[in-house]
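Take a moment with the chain before reading on. The text below goes from the overall pattern to the sheet, then to the surface.

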Amino acid sequence: MKIIAYIAAAILIFFGVLFVWGSGGNQGGGWTWVCGGALSVLFGFGLIWFASRQPASTTGNTTNVTLKVDLPAQTKIESMNCKNCGGALKADNIKMLAGAPTVECPFCGTTYQLTEEPKW
């Protein structure tokens, strides 16, 4: 809507200036052209002022962002067993150390880093 108002204002101002400019000389329209051109220019600037005060339209400009997290591998914590003693591990036994998931077995005390298996 604003674009249409700005284009209409530009046309009004353009022809208003032409009317004022063409009012002089032997074939000019005289004061009636000056008044018509001035009104056209004023109406054009008024249209710009009115269009600039209108809030931006929000219909159709909504953006939905969907974030899907794809885990690199399947993690089955309830079925994890210690590599050393075979004891059942819980989620509490997994900690992040230096950016790597590390498991500490509560039965034998072994600590080792979890590795991700490829998906394929």
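**From pattern to sheet**

Along the sequence, the protein chain follows the pattern α-α-β-β-β. That comes to two helices and three strands. Here helices (H or I, at least four residues) and strands (E, at least two) are DSSP runs, numbered from the N terminus.

This is a predicted model: local features need pLDDT of at least 70, side-chain atom pairs count only at pLDDT 80 or more, and totals for chains, interfaces and linings use all residues. Residues are numbered from 1 along each chain as its sequence is written, and side-chain values use heavy atoms, with hydrogens and water left out.

How are the three strands ordered in the sheet? The order is β1-β2-β3, in an open sheet with antiparallel pairing. Two strands pair if DSSP finds at least two bridges between them. The edge strands are β1 (94–97) and β3 (111–113), and each pairs on one side only. From one strand to the next, the twist averages 35° (axes are lines fitted to C-alpha atoms; angles run from 0 to 180 degrees between N-to-C directions).

Now look at β2, residues 100–104. Three bridges join β2 to β3, and the two run antiparallel. Val 103 stands opposite Tyr 112 in β3. Strands of a sheet pair through backbone hydrogen bonds.

Next, the chain as a whole. Of its 120 residues, 18% are buried (under 20% relative accessible area, 1.4 Å probe, protein chains only). The accessible surface comes to about 9900 Å² (Shrake-Rupley method, 1.4 Å probe). Carbon and sulfur atoms account for 63% of that surface.

Methods:
Buried means under 20% relative accessible area, exposed over 50%, partly exposed in between (1.4 Å probe, protein chains only).
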